Amino acid sequence: MSKLGRETKETRIVANVRPGTGRTDDPSLVGQRTYTVQQKDSYWSIAEKTMGSGAKFKKLFETNQGRLDLNSIDDPLKPGMVLVIPRD
């Protein structure tokens, strides 16, 4: 998969991300930062790692809600899900 910009262990900027899968093919997401969910991750912990504050967890959820068919903030995150990290 092509990458643009910098990459850390937790986040990467990918060339294309397909909604619902976090894989390639959606040109509207070119250049977005993403995070691949790991075991025991929560919206709070991911927001803290990638956005600097766990308190931004709602923005993280809202950004990914439609892409991943998440109906509620209580829907569990599953390892391997690829979340788009919102820009501040």
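Modeller: A polar contact is a pair of N or O atoms within 3.5 Å; within protein, one must be able to donate a hydrogen and the other to accept it, and residues adjacent in sequence count only if both atoms are side-chain atoms. This is a predicted model, in which local features need pLDDT of at least 70, side-chain atom pairs count only at pLDDT 80 or more, and totals for chains, interfaces and linings use all residues. Residues are numbered from 1 along each chain as its sequence is written, and side-chain values use heavy atoms, with hydrogens and water left out.

Biologist: What makes the side chains of Arg67 and Asn64 a polar contact?

Modeller: They meet at 2.7 Å, and the limit is 3.5 Å.

Biologist: Why is Arg67 called buried?

Modeller: Its relative accessibility is 10%; buried means under 20% relative accessible area, exposed over 50%, and partly exposed in between (1.4 Å probe, protein chains only). Arg67 therefore counts as buried.

Biologist: Why is the pair of Tyr43 and Phe61 called edge-to-face?

Modeller: Rings of Phe, Tyr and Trp (its six-membered ring) pair if their centres lie within 6.5 Å; planes under 30 degrees apart count as stacked, over 60 as edge-to-face and the rest as tilted. The centres of Tyr43 and Phe61 are 5.5 Å apart and the planes stand at 85°, so the pair is edge-to-face.

Biologist: Why, then, is the pair of Trp44 and Phe57 called tilted?

Modeller: The ring centres of Trp44 and Phe57 are 5.8 Å apart and their planes lie at 40°, so this pair is tilted.

Biologist: How do you know that Trp44 is partly exposed?

Modeller: Trp44 has a relative accessible area of 44%, and therefore it counts as partly exposed.
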